[in-house]
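Got the viewer up and a selection box ready? Let's walk through this one stop at a time.

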Amino acid sequence: MNTHDFSDFQRYLAAKVSVDDRSLNKDVWNSLFRALHPWRERPLRVLDVGAGIGTMAQRLWRWRLHPHILYTGVDLSSENIDHAQAQLQEWARGRGGSVLRTANGFVLRTSTQQMTISLIQEDALSFVRRPEQQGAWDLLIAHAFLDLVDIAAVLPQLLATLKQGGFCYLTLNFDGVTIFEPVAEPSFETKLIALYHQSMDQRLIEGRLSGDSRAGRHLFAHLNAAGVDVMAAGASDWVVIPQKDGYPEDEAYFLHFIVHTVFQELVDHPQLDRDQVVAWTQERHAQIDAGTLVYIAHQLDYLGRK
Ligand SMILES: C[S@@+](CC[C@H](N)C(=O)[O-])C[C@H]1O[C@@H](n2cnc3c(N)ncnc32)[C@H](O)[C@@H]1O
């Protein structure tokens, strides 16, 4: 087996950027862009929950969502926030504008765009319950986050942070399809993938069931129940395929990380043979090294208005 470290979460999140850029549903993005047009005259307050290393802040800037953004990213992990603080400031210094340090981050300003980035290490679920966060935000972002939580319990608390008329942009919600190609043993592959999805459904955080392997399709009903007007929705499948000279950017690492995650989740599973899981994992890592693995995960994006 390849002996590299396949569990560097911050490198995984950085490697995920090019995959996500391709995957995000552009109709849903364009709907958000258009919906915000009347809001361009004043700063846009954006809250990103489960922000990781802050890659969505960079994307909002790169894709020019709004000329003046006040962005706050909240993440539970101090490693993510420390990485974001250091890496985002370095990125900002390369934008050709001014970068001014603040208590929780910095302000990046060019002649056409301005963004204040604040990064907070905290449980997003406590953050959104603070009295000062109620009705305080124009746009709520949860990117590759909602399928990790108990959506029915958490969504109303997240939405409570929005002003009336504010928007929620809820993206990359996993929706029950994982494909690795080529498949050597169809019956084993089917069982492995089914147990992998089951592990998402059975995930417990602080004793509560957290996670839904079909979060994408269920989110529509959750949004309706929460009184949100769903303005747009569409598929945002991850599709990672090799090019002539291998995978683009750092996407080989992205794939190694995913395969390693499946391995960790299932290697000791009572319904699977350990040796078979190890052999499957070795074969998948080898296929990534050889540039022959195709990986697809079905996901959905939503835009809603409170
Ligand atoms: C799959 S990652 C996505 C990160 C980021 N949105 C991205 O796509 O690059 C999920 C993130 O949610 C964070 N997270 C999980 N539970 C959280 C919670 N209760 N409060 C805040 N962050 C949380 C994790 O630390 C992780 O960074």
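Which residues does D237 touch, not counting residues up to four places away in sequence? Select D237 and you'll find S23, I296, A297, H298 and Q299, where contact means that the C-beta atoms, placed from the backbone, lie within 7 Å.

Two housekeeping notes before moving on. Residues are numbered from 1 along each chain as its sequence is written. You're looking at a predicted model, in which local features need pLDDT of at least 70 and side-chain atom pairs count only at pLDDT 80 or more, while totals for chains, interfaces and linings use all residues.

**Stop 1: around D237**

D237 sits in the loop between β10 (229-235) and β11 (238-240). Helices (H or I, at least four residues) and strands (E, at least two) are DSSP runs, numbered from the N terminus. D237 counts as partly exposed because 17 other C-beta atoms lie within 10 Å; the scale calls a residue buried at 20 or more such neighbours, exposed at 12 or fewer, and partly exposed in between, again with C-beta atoms placed from the backbone. For a distance check, pick G94: it is 143 residues from D237 in sequence and 31 Å away, C-alpha to C-alpha.

**Stop 2: strand β12**

Now select residues 294-305, which form β12. Strands pair here if DSSP finds at least two bridges between them. Try its partners one by one:

- β7 (residues 162-181) runs antiparallel to β12, joined by 10 bridges; F174 stands opposite Q299.
- β10 is also antiparallel to β12, over 6 bridges, and A235 faces L300 there.
- β11 has 3 bridges to β12, antiparallel again, with W238 partnered by A297.

While the strands are on screen, remember that side chains in a regular strand alternate between the two faces of the sheet.

**Stop 3: β1 and the core**

Go to β1 (residues 44-49), where 5 of the 6 residues are buried. β1 pairs with β2 in the parallel sense over 6 bridges, and V46 stands opposite Y71.

V46 is also among the residues with the most contacts inside the largest nonpolar core, along with L140, F254 and L255. That core has 81 residues; by construction it is a set of buried Ala, Val, Leu, Ile, Met, Phe, Trp, Tyr and Cys residues joined through C-beta atoms within 7 Å. Click L255 and, leaving aside neighbours within four places in sequence, its contacts are V240, Y247, I288, L293 and Y295.

**Stop 4: L158**

L158 lies in helix α6 (residues 151-159). Is L158 buried or exposed? It is buried, because 25 other C-beta atoms lie within 10 Å. Beyond four places in sequence, L158 is in contact with V49, V128, L140 and A142. Measure from L158 to L47 as well: 111 residues separate them along the chain, but their C-alpha atoms are 9.7 Å apart.

**Stop 5: the ligand shell**

Select the 18 residues that surround the ligand, each with its C-beta atom, placed from the backbone, within 6 Å of it. The closest are G50, G52, L76, A124 and A144. Elements that give two or more residues to this shell are α1 (9-23), β2 (68-75) and α5 (124-127).

**Last stop: zoom out**

Show everything as cartoon: there are 10 helices and 12 strands. The C-alpha trace spans about 60 × 45 × 35 Å along its principal axes. Buried residues make up 40% of the 306 residues.

Terms used: Two residues are in contact if their C-beta atoms, placed from the backbone, lie within 7 Å.
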